[in-house]
Amino acid sequence: MRRYVFRRLAQAVAVLWAAYTLSFLVLDFLPGDPVSAMAGGGLDQASVDPAQLESLKREYGFDKPVLVQYADYLGRAVQGDFGNSVATGQPVTSVIGDALPQTLVLTGAALVLAVVFGTGLALAATYTSARALRQLLLSLPSLGVSLPTFWVGLMLVQLFSFRLRLLPAFGNDGIASLILPAVTLAVPTGALLAQVLAKSLFTALDEPYVQTARAKGAGRARVHLRHALRNAALPALTIVGLLVGNLLAGSVVVETVFSRNGIGRATVSAVTVQDIPVVQGVVVFGALVFVCANLVVDLVYPLFDPRIVVASATRRRSLV
Amino acid sequence: MSQTVVGDPALNIVPEPDPRDRSEATGWNPARGLDLHRLARFLLRRPGLVLSIAVVALVVLAAFWPTLFTARDPLLGVPSDRFQGPAAQHWFGTDEIGRDVYARVVHGAALSLKATLIAVAVAFVVGGAIGLVAGFVGGWVEDLLMRLVDVLLAIPALFLSLALVTALGFGTVKVAVAVGIASVAGFARVMRAEVLRVRHATYVEAARSSGARWHSILLRHVLPNAMGPVLVLATLDFGTAILAVSSLSFLGYGAAPPAPEWGTLISTGRNYLANAWWLSTLPGLAVAATVLATNRIARAVDGEWASQR
């Protein structure tokens, strides 16, 4: 078990390092001259003073060879220093840290909604014996993943804020302003969860242990919840990392639609002014969240399914 | 029943390689030819699929010959006709400077289809190449490439595209390339799995032992036989790419304002949500219908066609 934990931790760190390296390559290396991009992309588009450009270059270390730059940046990143925002001068970590609580509230609320409705939908679709109803319920998730998230948000605003005047259209104070964004964000995530869960529920219901339970006289509901759902939940657990990543990415669009403060909105404004340090910080943060979510799943999984530690590496990969 | 759920595109889960199913699934086995009778029976039982094919056909037609659908200019506004609701005169209404929204949606199909095709092509070519090299060469090259793929999977796709957009700049083509690169990983995985499956097949061994060069083995034996599932994945990727491209253009990184890109249309309509509901609603419906249709077709290509008897 300890070896298993250690290997998972090492993998997580390796992926993070690689994600940092990749974002460095894409952002600091690809565009010919990041400094002029920064200076030109800032608030003042007009003129860039050559002397100022030189000092900027020195400050960011662009006069040194790329490998030296990279080692330098990586060394600072390990200590939690991702540089300063070019647009505001604020440290990247505090840009993300300040925005984090709002995004956590939004994604947390959306996750709860997605799990409740996604699971409910999958259970209902696999439980009902009416063919037409089942078809209808099963078509809902495919609909949910096909709708553009921003459009769903705009439609909800139109209906509930402008027509019915029930909920505020934007802002982030209070529960009322959280409802529409959380519902919007929960649609694609819940639909994804429902798809995976319905599929594994159907598989589980075909297993011999379900027949055994039925033969022993267990009722349909009991078989469904106690036997099938328990086993079907395991495959669904493997997509938690994907779900969390989707939620975080979805917050970019949802926060823009509803003008909420948060990481997504900070990202959009950073991309718009080509604020490279902030974009890089957000990319690494996204990878960190994904890696942590997967790490938690990896560590929790053996508690539910002890077989996993024995044949860990190959099996897990085939499941994902 | 579970088939319909298995193949859903947005899952982005690598389909299990099942050699028999796959080669049949694509229905392009030249030796067997296309069985018209079977095709007709298949379609007749699935009115939704026929409708989806019709929707996609309309979008493609609109992209290449927009004048078939509308004679109006998508960029020319008639100020006296501002903010007219949908009616016989203007099917989708008019916008804030009196442009016909229907004409803009029709003309926008070209930009959106172009971006989607570029995105899927980039993902297919780059991902396929990575997977092909990894599977065929093996050794440390394979390890290195597949670790790269793991990292690509670890960064949420939208963040990766946003980073690429930051580096490349704004515009439809750049956004499309960014979206394509962000979905390279899935293609690389499937291609590698297929190459590994094919590499040790008897006919490859036979070609090798009869003295064929490595490149001829790769191009004539391995690649054609590994291609099927990757093509299926490409059809699955269409819907995802349309959504990703429209999200990025909604955020404002796509075509510059007067151009009628679908995501941009929805985002400009956002400012008039309270008094002109049609500006965002109807272009959004066009996007949703297109994505639903491509997803439905992809699902048919992925599983149903092969499982039908």
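A crossing of two helices is called right-handed if the near helix is turned clockwise from the far one, and left-handed if the near helix is turned anticlockwise from the far one by less than a right angle. With that convention in mind, the tour of this predicted model can begin in chain A.

**First stop: a helix pair in chain A**

Select residues 176-205 of chain A, which form helix 8, together with residues 240-257 of chain A, which form helix 11; the two pack at an angle of about 145°, with their axes 10 Å apart. Helix 8 of chain A passes helix 11 of chain A in a right-handed crossing. To display the contact itself, pick Pro181(A), Thr184(A), Leu185(A), Pro188(A), Thr189(A), Leu192(A) and Leu193(A) on helix 8 of chain A, and then Leu243(A), Asn246(A), Leu247(A), Gly250(A), Ser251(A) and Val254(A) on helix 11 of chain A. If you colour this contact by residue class, you will find eight nonpolar residues, five polar ones and no charged ones.

**Second stop: chain B as a whole**

Now select chain B, which has 13 helices and zero strands. Of the 309 residues in chain B, 50% are buried. Among the contacts in chain B with a separation of 6 or more, 72% join residues 24 or more positions apart.

**Third stop: where chain B touches chain A**

Next, show both chains and select the residues that bring them together: 44 residues of chain B are in contact with 49 residues of chain A. On the chain B side, the elements that give two or more residues are helix 1 (2-6), helix 6 (139-154), helix 7 (157-168), helix 11 (214-250) and helix 13 (278-307) of chain B. Helix 7 of chain B provides the largest share of that side, with nine residues. Taken by class, the residues of the side of chain B that touches chain A divide into 29 nonpolar, 11 polar and four charged.

**Last stop: helix 7 of chain B**

Keep helix 7 of chain B selected and hide the rest, then place a distance between its end C-alpha atoms: they are 16 Å apart, which agrees with the 16 Å that its 12 residues should span at 1.5 Å a residue. With the surroundings restored, helix 7 of chain B proves mostly covered, since 11 of its 12 residues are buried. Those buried residues include Phe159(B), Leu160(B), Ser161(B), Leu162(B) and Thr166(B). Finally, step to Gly169(B), which follows helix 7 of chain B and has a positive phi, near 110°.

How values were computed
Residues numbered from 1 in each chain as written. Chains lettered and ligands numbered in written order. Predicted model: local features only at pLDDT ≥ 70, side-chain atom pairs only at ≥ 80, totals over all residues. Contact = placed C-beta atoms within 7 Å. Helix = DSSP H or I, 4+ residues; strand = E, 2+ residues; numbered from the N terminus. Nonpolar A, V, L, I, M, F, W, Y, C, P; charged D, E, K, R; others polar. Buried ≥ 20, exposed ≤ 12 C-beta atoms within 10 Å, placed from the backbone. Expected span 1.5 Å × (residues − 1). Axes fitted to C-alpha atoms, helices over the stretch in contact; angles between N-to-C directions.
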